[in-house]
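Please take a moment with the sequence and the model that follow, and then read on for a guided walk through them.

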Amino acid sequence: MHALLANFPAVERLDLSGCAGDVTPAKLRRLRRLPDLRELSLGCNGRLTASAVNDRCLAELVVLTNLHTLNLAQCVHLGDAGMMSLVYMPALRALNISGCVAVTDIGVMMAAQLTGLTSLEMPWCLKVTNVGVQALAPL
C-alpha cells in the first residue's frame with residue numbers, strides 16, 4: 001500500500017477487497033494521504049471469507065470527506081460503534097453493509113442520518129429489525 005500512496009496520490013477508486021482479511025486500523029490510517037478518494041471497497045463480495053474490518057477501522061476513514069461509495073460487505077466484525085463513524089462522512093451516497101451480522105437497528109439509524117444516501121444494501125444484517133428499517137423511511 002505504501003507504493004500506491006507514494007506513486008498514485010490522486011487515486012479516486014480503491015478496491016481492497018482482496019486484502020480485506022489483512023486490513024488493520026493502522027493500515028487504513030494511511031488512506032488519509034488520498035484526499036481525492038471517492039470509492040472504497042473493503043468488503044468481500046461473493047467470497048466465503050469474512051473481512052477483518054472492524055469498528056476501529058471504520059473510525060480511521062472519517063477524514064475521507066469526499067468518499068461517496070463504501071463497500072463493507074461481509075465485514076462481520078463491524079458493529080454499531082463503527083456505523084456511528086458514518087455520520088462524519090456526509091458525502092456518502094452508496095453504502096453496502098451486506099452480511100455485517102453485528103450491525104443492529106442502532107447502526108442502521110446511524111446510516112439513516114446520511115441524508116444524501118441514495119443506495120443502501122443490507123441483506124443478511126440479521127440483527128436489524130423493522131425498527132431499523134423504519135428509521136430509513138425519511139431517506
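A good place to begin is a small group of charged side chains, for Arg29, Arg32 and Glu60 are linked in a network of salt bridges. The model in which this network appears is a predicted one. One connection in the network joins Glu60 to Arg29, whose closest N and O atoms are 3.1 Å apart. This pair links distant parts of the chain, since Glu60 is in the loop between α3 (55-59) and β3 (69-71) while Arg29 is in helix α2 (residues 25-29), 31 residues apart. The other connection runs from Arg32 to Glu60, with the closest N and O atoms 3.0 Å apart. Because Arg32 lies in the loop between α2 and β2 and Glu60 in the loop between α3 and β3, this pair ties together parts that are 28 residues apart in sequence.

How do the members of this network stand with respect to the surface, buried or exposed or in between? Glu60 has a relative accessibility of 12% and therefore counts as buried, the limit for that class being under 20%. Arg29, at 40% relative accessibility, counts as partly exposed, and Arg32, at 43%, counts as partly exposed too.

The structure holds four salt bridges, and another of them can be followed in the strands. There the side chains of Glu39 and Arg13 meet, with a distance of 3.1 Å from N to O. Here too distant parts of the chain are linked, with Glu39 in strand β2 (residues 39-41) and Arg13 in strand β1 (residues 13-15), 26 residues apart. Glu39 is partly exposed, with a relative accessible area of 26%, whereas Arg13 is exposed, its relative accessible area being 63%.

With these pairs located, the overall plan of the protein can be laid out. Its secondary structure comes to six helices and five strands, and from the N terminus on, these elements run in the order α-β-α-β-α-β-α-β-α-β-α. The C-alpha trace spans about 45 × 30 × 20 Å along its principal axes. Why can the protein be set beside a compact globule? A compact globule with 139 residues would have a radius of gyration near 14 Å, and the protein has 14 Å, so the value agrees with that expectation.

The contacts and the surface add to this picture. Among the contacts in the protein with a separation of 6 or more, 72% are accounted for by residues 24 or more positions apart. Of the 139 residues, 44% count as buried, and the accessible surface comes to about 7000 Å², of which 57% belongs to carbon and sulfur atoms.

Strand β5 offers a closer look at one residue, for Leu120 lies in this strand. At 26% relative accessibility, Leu120 counts as partly exposed. Which residues does Leu120 touch, once those up to four places away in sequence are not counted? They are Leu95, Ile97 and Leu136. Val53, by comparison, is 67 residues from Leu120 in sequence and 18 Å from it in space, taken from C-alpha to C-alpha.

Further along the chain, in the loop between β5 (119-121) and α6 (130-135), is Leu126. This residue counts as exposed because its relative accessibility is 60%, where the class requires over 50%. Together with Val101 and Trp124, Leu126 forms a nonpolar patch on the surface, and the accessible area of these residues together is about 360 Å².

The cysteines remain to be considered. A disulfide is a covalent bond between the sulfur atoms of two cysteines. How many disulfides does a search of the whole structure find? The search finds zero. Cys75 is in no disulfide, and the nearest cysteine sulfur, that of Cys100, is 5.1 Å away, while a disulfide would need the sulfur atoms within 2.5 Å. Cys75 counts as buried, its relative accessibility being 0%. Why does Cys125 not form a bond with Cys100? The closest cysteine sulfur to that of Cys125 is in Cys100, and because it is 5.5 Å away, it is too far for a bond. Cys125 is buried as well, with a relative accessible area of 6%.

Technical notes
Residues are numbered from 1 along each chain as its sequence is written. This is a predicted model: local features need pLDDT of at least 70, side-chain atom pairs count only at pLDDT 80 or more; totals for chains, interfaces and linings use all residues. Side-chain values use heavy atoms; hydrogens and water are left out. Buried means under 20% relative accessible area, exposed over 50%, partly exposed in between (1.4 Å probe, protein chains only). Patches are made of residues with over 30% relative accessible area and no salt bridge: like charges are joined within 9 Å, nonpolar side chains (Val, Leu, Ile, Met, Phe, Trp, Tyr) within 5 Å. Accessible areas come from the Shrake-Rupley method with a 1.4 Å probe; for residues, only the protein chains shown count as cover. Helices (H or I, at least four residues) and strands (E, at least two) are DSSP runs, numbered from the N terminus. The radius of gyration is taken over C-alpha atoms; the globule rule is 2.2 Å times the number of residues to the power 0.38. Contact means heavy atoms within 4.5 Å.
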